[in-house]
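Me: I've just opened a structure I don't know yet, and I'd like to learn how to read it. Could you walk me through it?

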Amino acid sequence: MSLTTRPTAAEGTLPPVPAERAEGTHAPAAAPSVVSAPPPRRARSRAVRLREALRRPASLLVTGATKSAAIAALLLLWEAAPRLGLVDRTFLPPFSEVAVAWWALAADGQLADNTYASLVRSFSGFGLALAVAVPLGLLIGWYRPVADLLNPLLEVFRNTAALALLPVFVLLLGIGETSKISIVVYACAWPILLNTISAVRHVDPTLLKLARSMDLSAPRLFQKVILPSAVPMIFTGIRLAGAVSILVLVAAEMIGAKAGLGYLINASQYNFAIPQMYAGIITISAIGVTVNQLLVVLERRLSSWRVSAGD
């Protein structure tokens, strides 16, 4: 008779297998970690544009503050020096008094009338000088026989100051508008002419050889190679001429003129209206800075094809 023994728990009976494992199923795997989807491209680009839009005003503000710091310091010194007795306020009044005088001249129309008279003369002379000097400079710079013919004459006149010839212009043309515009034309022509000649002569020879190898005609060569390469240096002369046109005109208006900023400054000095005199000087400076900035913007537009070294 066989005896059947059953293992008991005391004899190390294994625990019962769970039903799932008994049926041959596996335990469920761990849930995968949730990965956030990247934001859409449109949302990212919108965020970038927003950051750039917020950063640009701050950058412009910092740049403007940096550029105007020296001017603000000068005006503060101008205001403080007469009040502290460092200079005689009779001959150099505080800037606040000059500002009040400038506002009074602007309110009664004197400043506008004199500024208009000066701008008409200055722009007329500047425009005539530009129309004459640029074509003549291109001609002299490109054609060697013309340069050899005119160089001695140019050397004589370019070393003769415009203000030294002012009495000659007055004697020959009178004290009217013709003499004043003519002296501006003479003074403005030389910076434009000399810079144009230099610009044409310093065009990259490699570009010229390449253009000639393509059998470009002379007009196309000027249009495609000479003028684009010469634009920056020509505009340097134009900017110099823009400043000269105002300065020379003021000196011309001090002789026999009945209107203009030069006349205003001269009359204020004779009448010992010192704040009004400085108001006229400040107006001339503001006009000069404005004209220069306009020419800089125009130069950038005309030479936008040029690539800077950092690009």
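Me: Let's start inside a helix. Why are Tyr-186 and Trp-190 separated by about one helical turn?

Reply: Keep in mind that this is a predicted model. Tyr-186 and Trp-190 both sit in helix H7, and because they are four residues apart there, about one helical turn separates them.

Me: How do I describe two rings like that, and how are the rings of Tyr-186 and Trp-190 arranged?

Reply: A pair of aromatic rings is described by the distance of the centres and the angle of the planes. The whole structure has five aromatic pairs. Tyr-186 with Trp-190 is an edge-to-face pair, with 6.0 Å from centre to centre and 80 degrees between the planes.

Me: Are Tyr-186 and Trp-190 buried or exposed?

Reply: Both Tyr-186 and Trp-190 are buried. Elsewhere, Trp-78, Phe-95 and Tyr-278 make up one aromatic cluster.

Me: Now the overall fold. Which elements does the protein have, and how many?

Reply: You'll find eleven helices and zero strands. Of its 311 residues, 30% count as buried. Take the contacts between residues at least 6 apart in sequence: 71% of them join residues at least 24 apart.

Me: What about pockets? Which residues line the largest one?

Reply: The largest pocket holds about 210 Å³ of space. Its lining includes Tyr-186 and Trp-190, the ring pair from before, along with Val-132, Leu-150 and Phe-157, among others. Helix H4 (110–142), helix H5 (144–158) and helix H7 (177–201) each supply at least two lining residues, and H7 has the largest share, with five.

Me: How do the lining residues divide into nonpolar, polar and charged?

Reply: There are twelve nonpolar residues in that lining, no polar and no charged ones.

Me: And the nonpolar core? What's the general idea, and which residues have the most contacts inside the largest one?

Reply: In soluble globular proteins, nonpolar side chains tend to be buried together. Here the largest nonpolar core has 57 residues, and Ile-183, Leu-193 and Ile-238 have the most contacts inside it. Helix H9 (residues 218–253) gives the most to this core, 15 residues.

Me: Which residues does Ile-183 touch, if I skip those up to four places away in sequence?

Reply: Ile-183 touches Ala-162, Leu-165, Leu-166, Phe-169, Val-248 and Ala-252.

Me: Let's try a residue that isn't nonpolar. Why does Asn-195 count as buried?

Reply: The cut-off for buried is under 20% relative accessible area. Asn-195 has 16% relative accessibility, so it counts as buried. Asn-195 lies in helix H7, and beyond its neighbours within four places in sequence, Asn-195 is in contact with Met-233, Thr-236, Gly-237 and Leu-240.

Me: Can we apply that to Thr-115? Why does Thr-115 count as buried?

Reply: Same reading: Thr-115 counts as buried because its relative accessibility is 14%. Thr-115 belongs to helix H4. Leaving out residues up to four places away in sequence, Thr-115 touches Leu-261, Thr-283 and Ile-287. Thr-115 and Leu-264 are 149 residues apart in sequence, with 9.4 Å from C-alpha to C-alpha.

Me: One last stop, a loop. Where is Phe-272 found?

Reply: Phe-272 is in the loop between helix H10 (261–270) and helix H11 (274–302). Its phi is near 60 degrees, a positive value in a residue other than glycine. Phe-272 has a relative accessible area of 47%, so it is partly exposed.

Key. Residues are numbered from 1 along each chain as its sequence is written. This is a predicted model: local features need pLDDT of at least 70, side-chain atom pairs count only at pLDDT 80 or more; totals for chains, interfaces and linings use all residues. Side-chain values use heavy atoms; hydrogens and water are left out. On a 1 Å grid over the protein atoms alone, a cavity is a set of points where a 1.4 Å probe fits but cannot get out, and a pocket is an open set with protein on both sides within 12 Å along at least five of seven lines; lining residues have an atom within 4 Å of a point. Grid points are joined across faces, edges and corners, and a volume is the space filled by probe spheres set on the points. Ala, Val, Leu, Ile, Met, Phe, Trp, Tyr, Cys and Pro count as nonpolar, Asp, Glu, Lys and Arg as charged, and the others, Gly among them, as polar. Rings of Phe, Tyr and Trp (its six-membered ring) pair if their centres lie within 6.5 Å; planes under 30 degrees apart count as stacked, over 60 as edge-to-face and the rest as tilted. Buried means under 20% relative accessible area, exposed over 50%, partly exposed in between (1.4 Å probe, protein chains only). A nonpolar core is a set of buried Ala, Val, Leu, Ile, Met, Phe, Trp, Tyr and Cys residues joined through side-chain atoms within 4.5 Å. Contact means heavy atoms within 4.5 Å.
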